Structures are given as structure tokens and as C-alpha cells.
Amino acid sequence: MIEAEEPDRPAWLTPERDEEPAGPGSRLTLLLIAGGAAILVLVAGLAAFALLGSSSEPNRPRPRSAAAEPVVAVAASTAPAGATSPPAAEQSATPKTSPAKPHVTAARISLEPANVTGPCPRSTKYVRVKVTVTITVSSPDVRLRYTVDGGNEHGATLRSKTFTDSWEAEVRRAAGTSTTTLQVIAPSTASDTATFTYTCN
């Protein structure tokens with residue numbers, strides 16, 4: 001029996017044969033290729049993000065290392081230029097003293113003339129003499145008070161350290177010596193005496 005030959009068909013009418021299923025080796029290769037591609041995409045994305053972040057961030061000064069540049073503390077000074085202050089030990093050793101109270105340093109009374117010689121007539125009973133008071137104090141601007149022979153109190157505010165006052169007084173015309181006393185009351189006490197001698201001829 002003679003088999004009948006199939007007529008020739010165009011290639012596009014020839015049914016395609018199913019491809020053989022891929023084996024286990026080909027599947028592993030596909031997984032490795034896919035994983036490598038994913039890793040490349042991830043690395044490329046991270047690199048692009050780093051480039052974009054570094055370009056958008058403004059330039060900032062880098063912090064310096066504390067060990068590279070030590071910090072030097074400078075103490076502030078309120079003293080004027082060129083002025084020097086004494087050592088602390090010397091400052092603490094200087095005691096604080098309060099100012100001394102004003103006081104009388106000298107007191108003097110004098111009579112002029114201090115000696116008179118003359119007749120002793122009954123009509124003239126007194127001789128006129130000049131009395132001078134000089135008082136020195138330790139500081140000015142103090143109140144001075146004094147008396148002469150226990151009489152009225154005299155007062156004055158001193159503008160300097162030395163006070164001087166004078167006036168005329170009458171001394172009894174009688175043979176002998178009389179005494180005149182100055183008594184300072186303030187700012188401290190002091191006293192002095194002066195004598196007058198009359199000699200009859």
C-alpha cells in the first residue's frame with residue numbers, strides 16, 4: 001500500500017510545536033538575573049538620592065576638633081590701661097581705718113602788754129590790754145567753742161585749721177600779777193593761761 005504524501009503547506013499554516021518546558025537549571029539562571037537587576041536598580045536609586053541630597057544641602061562649616069584648637073580663657077579686666085593693682089595679699093593686709101575725730105592740737109592766750117610799770121593813782125583803776133586767742137585743730141570745718149576766765153562762751157565754725165581772735169580788755173591797775181585763763185570746750189578740751197604784771201613806781 002502506498003502512503004499518500006501530504007501536500008506542501010505554507011510555513012504560516014504549519015502548526016507550531018510547543019516548546020519544551022524549561023528545566024530546573026534555566027529557572028535558577030532567571031532568578032539570578034532578576035535579582036542582580038533589582039540590586040543594580042536599588043544601588044542606582046541610592047546613588048541618585050545621595051547626589052540630590054548633597055547638592056541641595058547648603059555649604060556648612062565643618063566642626064573643628066576640640067583637640068586641634070585648645071580654648072584659652074581670658075579674664076576680663078576693668079582696670080584702665082596702664083594701671084596696676086597691688087597683689088591680693090597686700091590688699092587684704094591693709095586694715096580699714098575710720099577717719100580720726102577732729103580735735104584741738106594747740107591752744108594759746110596772750111596779753112599785750114604783759115608787763116606795765118607806772119603810777120598807781122586812785123583816779124585810774126584799769127589798764128587796757130590786748131587779748132589774743134589762737135586755737136589750732138586737726139581738721140577744718142568743725143565747730144569751736146571756748147571761754148575766757150569762765151565768762152560767756154564764744155563759738156565759731158572753722159574753715160581752716162587755725163583760729164585767731166583778739167579784743168581789748170581792762171586789767172585792774174594794782175601792783176601785782178593777775179592771771180587770764182583760756183578754756184577750750186569743743187571739738188576737744190584744752191586750756192592755757194596768760195599773766196599780766198603791774199608795777200607801781
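Analyst: In what follows, contact means heavy atoms within 4.5 Å. The model discussed here is predicted.

User: Where is Q183 found, and what does Q183 touch beyond its near neighbours in sequence?

Analyst: Q183 is found in strand β7. With its neighbours within four places in sequence left aside, heavy atoms within 4.5 Å put Q183 in contact with Y146, T147, A190 and S191.

User: What makes Q183 buried, exposed or partly exposed?

Analyst: Its relative accessible area is 33%. Buried requires under 20% and exposed requires over 50%. The value for Q183 falls in between, and therefore Q183 is called partly exposed.

User: What makes the pair of Q183 and A190 a polar contact?

Analyst: The backbone oxygen of A190 and a polar atom of the side chain of Q183 lie 3.4 Å apart. A polar contact asks for N or O atoms within 3.5 Å, and the distance of 3.4 Å satisfies that limit.

User: How far apart are Q183 and A107 in sequence and in space?

Analyst: They are separated by 76 residues in sequence and by 8.6 Å in space, from C-alpha to C-alpha.

User: T147 was named among the contacts of Q183. Why is T147 classed as buried, exposed or partly exposed?

Analyst: T147, found in strand β4, has a relative accessibility of 11%. The cut-off for buried is under 20%, so T147 counts as buried. Beyond its neighbours within four places in sequence, T147 is in contact with N152, E153, T181, L182, Q183 and I185.

User: How do you know that the side chain of S188 makes a polar contact with V104?

Analyst: S188 is found in the loop between β7 and β8. Its side chain reaches the backbone nitrogen of V104 at 2.8 Å, and the limit for a polar contact is 3.5 Å. V104 also appears, with H103, in the list of residues in contact with S188 once neighbours within four places in sequence are left aside.

User: What makes the peptide bonds before P113 and P187 worth a remark?

Analyst: Most peptide bonds are trans. The bond that joins E112 and P113 is cis, with omega about 0°. The bond from A186 to P187 is also cis, with omega near 10°. P113 lies in the loop between β1 (104-112) and β2 (115-118), while P187 is placed in the loop between β7 (176-186) and β8 (190-200).

User: What sets D141 and D149 apart in their phi angles?

Analyst: Most residues other than glycine have a negative phi. D141 has a positive phi of about 60° and is not a glycine. D149, likewise not a glycine, has a positive phi of about 55°. D141 lies in the loop between β3 (126-137) and β4 (142-148), and D149 in the loop between β4 and β5 (154-158).

User: Why do D141 and D149 fall into the accessibility classes they do?

Analyst: Exposed means over 50% relative accessible area. D141 stands at 54%, and so counts as exposed. D149 stands at 47%, which lies between the limits of 20% and 50%, and therefore counts as partly exposed.

User: What is the volume of the largest pocket, and which residues are closest to its centre?

Analyst: The volume is about 200 Å³. The pocket is lined by 16 residues, of which V131, V148, D149, A169 and T180 are the closest to the centre. At least two lining residues come from each of β3, β6 (162-172) and β7. The largest share, four residues, is supplied by β6. By class, the lining has eight nonpolar, six polar and two charged residues.

User: How many helices and strands does the protein chain have, and in what order do they run?

Analyst: There are two helices and eight strands. Counted from the N terminus, the order is α-α-β-β-β-β-β-β-β-β. Of the 201 residues in the chain, 15% count as buried, that is, under 20% relative accessible area.

User: What is the predictor's confidence in the chain, and where is it lowest and highest among the elements?

Analyst: The mean pLDDT is 75, and 62% of the residues reach 70 or more. Among the elements, helix α2 (residues 88-93) has the lowest mean, 55, and β1 the highest, 95. Over residues 60-68 the pLDDT is below 50, and beyond near neighbours in sequence this stretch has one contact in the model. Residues 71-76 also have a pLDDT below 50, with zero such contacts.

Note on methods:
Residues are numbered from 1 along each chain as its sequence is written. This is a predicted model: local features need pLDDT of at least 70, side-chain atom pairs count only at pLDDT 80 or more; totals for chains, interfaces and linings use all residues. Side-chain values use heavy atoms; hydrogens and water are left out. Buried means under 20% relative accessible area, exposed over 50%, partly exposed in between (1.4 Å probe, protein chains only). A polar contact is a pair of N or O atoms within 3.5 Å; within protein, one must be able to donate a hydrogen and the other to accept it, and residues adjacent in sequence count only if both atoms are side-chain atoms. On a 1 Å grid over the protein atoms alone, a cavity is a set of points where a 1.4 Å probe fits but cannot get out, and a pocket is an open set with protein on both sides within 12 Å along at least five of seven lines; lining residues have an atom within 4 Å of a point. Grid points are joined across faces, edges and corners, and a volume is the space filled by probe spheres set on the points. Ala, Val, Leu, Ile, Met, Phe, Trp, Tyr, Cys and Pro count as nonpolar, Asp, Glu, Lys and Arg as charged, and the others, Gly among them, as polar. pLDDT is the predictor's confidence in each residue, from 0 to 100.
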